[in-house]
Amino acid sequence: MVGNSVVVAGATGATGRELMGRLLADERLHRIHLLTRSMTPWCDNPKVIEHHWAPVPAPSGQKVTLKRIELPASLERLALDEPVTALFCCLGTTLAQAGSKAAFRALDLDAVVALGQWAKKHGVGTMHVISSKGANPQRRAFYLRCKGEMERALMDLELPSLYLYRPSLLARPQPRFGEHLGERILNLLTCLPGSAHWRPVPVARLAAVMVERAREAKAGVHCIESGQLWDEKGSGAAE
């Protein structure tokens with residue numbers, strides 16, 4: 001069971017939106033705390049309480065974007081008056097969106113680890129984090145190395161229960177630039193023997209598996225590889 005109260009970071013992203021739909025439909029869940037930089041479509045839902053991140057002043061002439069959000073400092077002020085059974089982290093960006101490697105690390109590594117530290121401090125039962133296929137702190141590729149460092153840092157926290165989801169390319173309703181072509185190529189490649197694990201994962205399926213695992217959360221660290229996401233029941237996840 002997910003529990004009576006959960007926290008979601010990154011709810012307005014593609015996977016986060018799918019996750020929210022499932023959490024809001026769960027009658028056993030009475031409270032969803034959203035960590036968000038602005039008002040969300042669910043702000044009037046009686047189940048939802050929004051906690052807005054504090055923006056950092058941007059340099060002159062620069063827009064305030066995700067990379068200018070000071071999540072760790074905001075978490076220091078976040079104290080909930082009820083126990084939280086699960087924290088879902090759907091944070092993630094691209095190098096192009098972040099604007100620099102430092103900005104990418106700030107969100108995909110530092111902010112995620114800060115959430116893990118908050119979960120540890122406040123006794124959250126289980127943490128669910130979207131990582132990436134091939135994540136490894138020893139990788140030469142910056143993206144996969146950053147994801148691997150994030151995973152290692154979370155493991156070092158020794159949380160009661162940690163689930164790391166490692167999908168291949170995520171299939172979104174509205175793909176980011178270049179993702180549609182990548183999805184088509186990977187779908188073609190999966191016809192080759194031994195390459196099914198590269199099959200793109202629809203965000204609806206990933207969200208469904210995250211909720212399913214939260215309902216049956218077990219102690220320890222659990223790495224859910226891309227191929228396993230297709231093997232899960234997924235509670236009716238879209239194919």
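Visitor: What makes α5 count as lying across β5, β6 and β9?

Guide: In this predicted model, α5 lies across these three strands and runs at about 170° to β6. A contact requires heavy atoms within 4.5 Å, and the cover over the buried residues of α5 includes β5 (126–130), β6 (161–166) and β9 (220–225), along with α3 (95–98) and α4 (101–121). Angles are taken between N-to-C directions on a scale from 0 to 180 degrees, so the direction of each element counts.

Visitor: How do you know that the span of α5 is close to what is expected?

Guide: The expected span is 1.5 Å times one less than the number of residues. With 15 residues, 142–156, α5 has an expected span of 21 Å, and the distance from its first C-alpha to its last is likewise 21 Å.

Visitor: Why are some residues of α5 called buried?

Guide: The term applies under 20% relative accessible area; the residues of α5 that are buried include Phe142, Leu144, Met150 and Leu154, and also Lys147 and Glu151. For the protein as a whole, buried residues make up 49% of its 239 residues.

Visitor: Why are β2 and β3 called paired?

Guide: Pairing needs at least two bridges found by DSSP, and 5 bridges join β2 (residues 31–36) to β3, so the two strands, which run parallel, are paired. Within this pair, Leu35 has His51 as its bridge partner in β3.

Visitor: What makes β3 an edge strand?

Guide: The open sheet has 7 strands with parallel pairing, in the order β3-β2-β1-β4-β5-β6-β9. Both β3 (48–52) and β9 pair on one side only, and they are the edge strands.

Technical notes
Residues are numbered from 1 along each chain as its sequence is written. This is a predicted model: local features need pLDDT of at least 70, side-chain atom pairs count only at pLDDT 80 or more; totals for chains, interfaces and linings use all residues. Side-chain values use heavy atoms; hydrogens and water are left out. Buried means under 20% relative accessible area, exposed over 50%, partly exposed in between (1.4 Å probe, protein chains only). Helices (H or I, at least four residues) and strands (E, at least two) are DSSP runs, numbered from the N terminus.
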